[in-house]
Amino acid sequence: MTQYTTAVSRYLAAWNAPDSEAVAKAVAEAWTEDGTYTDPLVDVKGHEGVQAAIEGAHQQFPGFEFRLKGEVDGNHHIARFSWDLVSTADGSSPAGGSDVITLAEDGRISSVSGFLDRLPSA
């Protein structure tokens, strides 16, 4: 596993953690203390901000998980990848996106720039 796929695996583990305690632990493992997460819906900084963003997604999409779509591509200290939001009940996928992450020296995420490629129908 490369440093990029390791970072993305930790990232997805945080988004898919089952409860607040697990989310907090996964966020601390994946992000630096002052790490950021920015997408069209949220712009947060620090472990508590990232955890709040993840828990908000859990509330909005109960029974869904984030899955890697395709391969992780990286160079130097950045990586990009795509993901799908998938129902664990029926496999439907109402949303998907692409993210670019910046890695700190220790391999944790220092920033995420997220893009929503596909949104749920209104």
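**Exercise 1.** In which sense, left-handed or right-handed, does α1 pass α2 in their crossing? Describe how the two helices lie and which residues join them.

*Solution.* The model examined here is a predicted one. Begin with the two elements, which are helix α1, covering residues 3-15, and helix α2, whose axis comes within 8 Å of the axis of α1. The next step is the angle, and here the two axes cross at roughly 160°. Angles over 145 degrees count as roughly antiparallel, and α1 and α2 are therefore roughly antiparallel to each other. As for the sense of the crossing, α1 passes α2 in a left-handed one. The contact is made on the side of α1 by R10, Y11, A13 and A14, and on the side of α2 by V23, A26, V27, E29 and A30. Sorting the residues of this contact of α1 with α2 by class gives seven nonpolar and two charged residues, with no polar ones.

**Exercise 2.** Work out how α2 is placed against α3, and state which residues make the contact.

*Solution.* First locate the helices in the sequence, where α2 spans residues 20-30 and α3 spans residues 46-60. Their axes come within 10 Å and cross at roughly 135°. Angles from 65 to 115 degrees count as roughly perpendicular and those over 145 as roughly antiparallel, and since the angle fits neither class, α2 is oblique to α3. The crossing in which α2 passes α3 is right-handed. From α2, the contact draws on S20, V23, A24, V27 and A28, while α3 supplies H47, V50, Q51, I54, E55 and H58. Divided by class, the contact of α2 with α3 holds six nonpolar, four polar and one charged residues.

**Exercise 3.** Describe the pairing of β3 with β4, and then examine the residue H76 in the hairpin that these strands form.

*Solution.* Start with the strands themselves, since β3 runs over residues 64-75 and β4 over residues 78-87, and the two pair in the antiparallel sense over nine bridges. Within this pairing, R67 stands opposite D84 in β4. Turning to the hairpin, one finds two residues between the strands, and H76 has its place in the loop between β3 and β4. Now consider the backbone, remembering that most residues other than glycine have a negative phi. H76 is not a glycine, and yet its phi is positive, at about 50°. The last step concerns accessibility, for which a residue counts as exposed over 50% relative accessible area. With a relative accessible area of 67%, H76 is therefore exposed.

Technical notes:
Residues are numbered from 1 along each chain as its sequence is written. This is a predicted model: local features need pLDDT of at least 70, side-chain atom pairs count only at pLDDT 80 or more; totals for chains, interfaces and linings use all residues. Side-chain values use heavy atoms; hydrogens and water are left out. Axes are lines fitted to C-alpha atoms, for helices over the stretch in contact, and angles run from 0 to 180 degrees between N-to-C directions. Helices (H or I, at least four residues) and strands (E, at least two) are DSSP runs, numbered from the N terminus. Angles under 35 degrees count as roughly parallel, over 145 as roughly antiparallel, 65 to 115 as roughly perpendicular and the rest as oblique. A crossing is left-handed if the near helix is turned anticlockwise from the far one by less than a right angle, and right-handed if clockwise. Contact means heavy atoms within 4.5 Å. Ala, Val, Leu, Ile, Met, Phe, Trp, Tyr, Cys and Pro count as nonpolar, Asp, Glu, Lys and Arg as charged, and the others, Gly among them, as polar. Two strands pair if DSSP finds at least two bridges between them. Buried means under 20% relative accessible area, exposed over 50%, partly exposed in between (1.4 Å probe, protein chains only).
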